[in-house]
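Reader: Could you walk me through reading this model, beginning with its strands?
Author: Gladly; let us look at it together.

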Amino acid sequence: MKYTVRNLREDFPDEDACLLWLVEYLFPDGITCKICQKITKHYKVTGRKAYACSRCGHHVHPTAGTIFHKSRTPLSLWYHAFYLMSTNKAGTSAAQLQREIGVTYKCAWRMMHQIRTLMNTDRQLSGEVEVDETYVHANVYKRSTAQKRYGRTGQRAGQVLFGAVERGGRVRIWHVKSAGARVLQPLIRKNVKEGTLIHTDGYRAYRRLPQMGFGHRWTDHGRGEYYTEDSYTQNIENVWSHFKRGIKGVYRHVDNKYLQAYANEYAWRYSNRKKPSMFWSLMCQISIS
């Protein structure tokens, strides 16, 4: 059964319910009082996002160390933002969040970037993995004087993204400085389990994968070969298609310095697409630093 807005309102009808869930999640065995040096009963402090020890009165702030720390925005609005960002497949703009929860654009923008910090993973990929690189914001081409004279197109100008996706599983995306072998090969070595079978196109940067301890199959896109019985890269191409359409259709444009954060957002949703509730998967990323 899908988790809907109705479920969200039932689970979190007010601020006290939101704070209570946070306490129960962060302190499943009870709150340990720093003064009493043991687990004690704590009571909600009226008008504050805090709980007080029943024995000594010491205050505990559950939002400390989380993305809610020092935020004046009600937790109910934060949870609504979690819901929108986890369930909207194409993404949600800050302007849309501003309209839905009634905050300023600056507040909505900050909330979304804070939530994106939770959408990152460093787990290695395994099984059968497809890797590929792509360009974003590449609407113009770099052309030298000689290239202009002889009518050559030149090199694409834009930001480079490199991605790796498990077939039927997770995806990782990196914003890299170039698509050269010296950049891509260390990323593959670090983030893909040794011995994994990797599928690529015919790009030369991937030719050394067997020497790095990986299985390697590839299709030659330059010759119009996109699918064989042994290899294809449709999954990672689908990731790029969805990401680019989302950026263009929802966000219009993303500043280069935030591109990694947006890539993490799309990668997180793709990786968690098969879970019963992506909202709860994202909520459970909250932890004390």
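Author: Start with one pair of residues: the bridge partner of His42 in E4 is Cys53. A caution before we go on: this is a predicted model, in which local features need pLDDT of at least 70 and side-chain atom pairs count only at pLDDT 80 or more, while totals for chains, interfaces and linings use all residues. Residues are numbered from 1 along each chain as its sequence is written, and side-chain values use heavy atoms, with hydrogens and water left out.

Reader: What counts as a strand, and what as a pair of strands?
Author: Helices (H or I, at least four residues) and strands (E, at least two) are DSSP runs, numbered from the N terminus. Two strands pair if DSSP finds at least two bridges between them. Here E3 and strand E4 (residues 51-53) are joined by three bridges, in the antiparallel sense.

Reader: In what order do the three strands of the open sheet lie?
Author: The order is E3-E4-E5, with antiparallel pairing. Strand E3 (42-44) and strand E5 (59-60) are the edge strands, each pairing on one side only.

Reader: How many helices and strands does the chain have?
Author: The chain has ten helices and ten strands.

Reader: How should I read a positive phi?
Author: Most residues other than glycine have a negative phi. In this chain, Gln37 has a positive phi of about 60 degrees although it is not a glycine. Gln37 sits in the loop between strand E1 (32-33) and strand E2 (38-39). Lys70, also not a glycine, has a positive phi near 60 degrees, and its place is in the loop between E5 and helix H3 (75-87).

Reader: Is Gln37 buried or exposed, and is Lys70 buried or exposed?
Author: Buried means under 20% relative accessible area, exposed over 50%, and partly exposed in between (1.4 Å probe, protein chains only). Gln37 has 62% relative accessibility, so it counts as exposed. Lys70 is exposed too, with a relative accessible area of 75%.

Reader: What share of the whole chain is buried?
Author: Of its 289 residues, 45% count as buried.

Reader: And how do I read the contacts?
Author: Contact means heavy atoms within 4.5 Å. Among contacts in the chain with a separation of 6 or more, 56% come from residues 24 or more positions apart.

Reader: What does the C-alpha trace span along its principal axes?
Author: The trace spans about 80 × 40 × 35 Å.
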